Amino acid sequence: MPAEVIYGTEIATKLRNELRKEIMSLQKKGIQPGLAVIIVGDDPASKVYVREKKRASEAIGIHSKVIELNEATSQQELLDKVLELNNDSSIHGILVQLPLPKHIDAKIIIESITPNKDVDGFHPINVGRLITNQECFVPCTPLGILYMIKDKNIPIEGKHVVVVGRSNIVGKPVGHLFLNENATVTYCHSATEDLYNHTKKADILISAVGKPNLINEQGVKDGAVVIDVGNSVLSSGKLSGDVNFDVVKEKASYITPVPKGVGPMTITMLLNNTIIAAKQS
Ligand SMILES: NC(=O)C1=CN([C@@H]2O[C@H](COP(=O)(O)OP(=O)(O)OC[C@H]3O[C@@H](n4cnc5c(N)ncnc54)[C@H](OP(=O)(O)O)[C@@H]3O)[C@@H](O)[C@H]2O)C=CC1
Ligand SMILES: Nc1nc(=O)c2c([nH]1)NC[C@@H]1CN(c3ccc(C(=O)N[C@@H](CCC(=O)O)C(=O)O)cc3)C=[N+]21
């Protein structure tokens with residue numbers, strides 16, 4: 001039987017309706033959640049994401065402030081902007097869109113965000129709390145993946161989760177999140193030998209690489225749950241994931257599409273984290 005397709009768009013719509021209600025009750029208490037998104041430079045893909053974040057925030061009643069800085073902005077100017085937002089009581093969440101121009105050290109910028117407003121969950125304090133299984137801001141893509149799997153009542157405890165990719169924004173935190181859920185976790189990356197020897201053992205396979213067709217049917221166990229984080233733009237202009245969807249769909253039990261899979265959940269979790277930040281303020 002072909003896999004059930006998990007549409008992030010559908011789960012995101014349900015959750016956003018709940019979040020809208022939560023915002024209404026916060027507003028009754030005089031709290032108006034606010035999110036600031038800083039973008040430096042003119043990368044077209046980043047601009048699209050940022051526009052979508054603003055649209056999604058405002059659609060559920062989050063006040064959203066987009067700060068567009070030009071490519072030549074210095075590291076100090078960006079630091080000053082973050083510090084200003086750290087001290088702005090109308091802003092509960094701060095996101096600095098990555099990647100940043102080469103002359104700016106992203107590590108320093110991320111560390112300058114106050115951990116209580118770090119709705120991306122990228123600050124080392126939040127990373128450390130995630131690894132030690134404490135309450136924290138969890139990065140949005142990993143949180144979105146976990147939410148999708150729980151929404152479908154897919155068991156996690158004791159299951160073998162194989163993560164392909166080990167970036168700080170997706171691969172590493174998603175592995176830790178599933179470890180905290182009592183999965184057995186394997187990480188694969190560009191130096192992994194015989195990738196499929198690992199991926200075909202996965203009960204839940206999460207690919208976050210950015211290489212179309214990296215995962216084919218030979219790399220997937222019968223009945224596996226396949227989560228595709230990849231977002232690559234093909235020369236045709238079409239968006240592609242890492243997974244060869246048409247063939248893997250025949251083998252998996254659940255599969256996420258690209259687009260309409262993990263991406264919409266990422267943005268929803270940003271809204272979720274902003275509401276948490278507002279409640280804690
Ligand atoms: N849907 C969504 O919400 C989101 C989607 N994305 C998409 O997910 C993808 C990954 O993003 P991100 O984590 O930021 O990317 P990075 O480029 O930071 O990381 C990619 C990872 O893939 C690994 N890798 C590269 N080639 C191979 C290979 N042949 N086999 C196994 N592993 C490999 C790299 O290994 P090494 O560490 O050894 O270099 C690295 O760990 C991109 O397509 C991005 O657009 C990202 C964020 C959110
Ligand atoms: N500080 C920071 N935080 C991030 O969370 C962050 C970032 N920087 N830099 C870039 C990556 C990438 N990212 C995506 C979010 C949503 C989709 C998404 O919604 N994708 C849609 C398709 C969008 C389209 O059609 O192009 C989908 O998969 O259905 C994709 C990618 C967040 N990132």
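Which residue takes a positive phi just after H7? Just after H7, Asn182 takes a positive phi of about 70°; helices such as H7 (H or I, at least four residues) and strands (E, at least two) are DSSP runs, numbered from the N terminus.

The structure is a predicted model, in which local features need pLDDT of at least 70 and side-chain atom pairs count only at pLDDT 80 or more, while totals for chains, interfaces and linings use all residues. Residues are numbered from 1 along each chain as its sequence is written, and chains are lettered from A and ligands numbered from 1 in the order in which they are written.

## Domains

The chain is divided into domain 1 (30-114) and domain 2 (139-263), with bounds that come from an automatic or database domain assignment. Between the C-alpha centres of domain 1 and domain 2 the distance is 28 Å. UniProt, in an unreviewed entry, lists residues 6-120 for "domain: Tetrahydrofolate dehydrogenase/cyclohydrolase catalytic"; UniProt positions are given in the numbering used here, feature names are shortened, and annotations may be inferred rather than shown by experiment. The span 6-120 is 49% helix and 16% strand, and its end C-alpha atoms lie 24 Å apart.

## Strands and helix H7

An open sheet of six strands, with parallel pairing, follows the order S1-S11-S8-S7-S5-S6, where two strands pair if DSSP finds at least two bridges between them. Its edge strands are S1 (4-5) and S6 (184-188), each of which pairs on one side only. S1 pairs with S11 (residues 254-255) in the parallel sense over two bridges, and Val5 has Ile255 in S11 as its bridge partner.

Strand S2 (residues 34-40) runs parallel to S4, and four bridges join them; within this pairing, Ala36 stands opposite Ile94 in S4. Both faces of S4 (residues 93-96) are covered, since Gly93 and Leu95 on one side and Ile94 and Val96 on the other are all buried. Here a residue is buried if 20 or more other C-beta atoms lie within 10 Å of its own, exposed if 12 or fewer, and partly exposed in between, with C-beta atoms placed from the backbone.

Helix H7 is mostly covered, as eight of its ten residues are buried; among them are Gly171, Lys172, Pro173 and Val174. The buried residues of H7 pack against helix H5 (124-131), helix H6 (140-151), S5, S6 and strand S7 (204-207).

## An annotated site before H7

In an unreviewed entry, UniProt places the feature "binding site" at Gly165, Arg166 and Ser167. Gly165 lies in the loop between strand S5 (160-164) and helix H7 (171-180), and Arg166 is found in the loop between S5 and H7 as well. Gly165 counts as buried because it has 24 C-beta neighbours inside 10 Å, whereas Arg166, with 18 other C-beta atoms within 10 Å, is partly exposed.

Leaving aside neighbours within four places in sequence, Gly165 is in contact with residues including Val170, Gly171 and His189, where contact means that the C-beta atoms of two residues, placed from the backbone, lie within 7 Å. Not counting residues up to four places away in sequence, Arg166 touches Gly171, Lys172, Tyr187 and His189.

## The two ligands

The shells around the ligands are set out below; a residue is near a molecule if its C-beta atom, placed from the backbone, lies within 6 Å of it. Ala, Val, Leu, Ile, Met, Phe, Trp, Tyr, Cys and Pro count as nonpolar, Asp, Glu, Lys and Arg as charged, and the others, Gly among them, as polar.

| Shell | Residues and nearest | Classes |
|---|---|---|
| Ligand 1 | 26 residues; Ser167, Ser190, Gly210, Asn231 and Thr266 nearest | eleven nonpolar, 13 polar, two charged residues |
| Ligand 2 | 17 residues; Gln97, Leu98, Pro259, Gly263 and Thr266 closest | ten nonpolar, five polar, two charged residues |

Helix H10 (residues 262-280) supplies the largest share of the shell around ligand 1, three residues. H10 also gives the most to the shell around ligand 2, with four residues. Ligand 2 lies between domain 1 (30-114) and domain 2 (139-263), because both give residues to the shell around it.

## A distant pair in sequence

Tyr49 is found in helix H2 (residues 44-59) and is partly exposed, with 18 other C-beta atoms within 10 Å. Tyr49 and Ile267 are 218 residues apart in sequence, and their C-alpha atoms are 8.9 Å apart in space.
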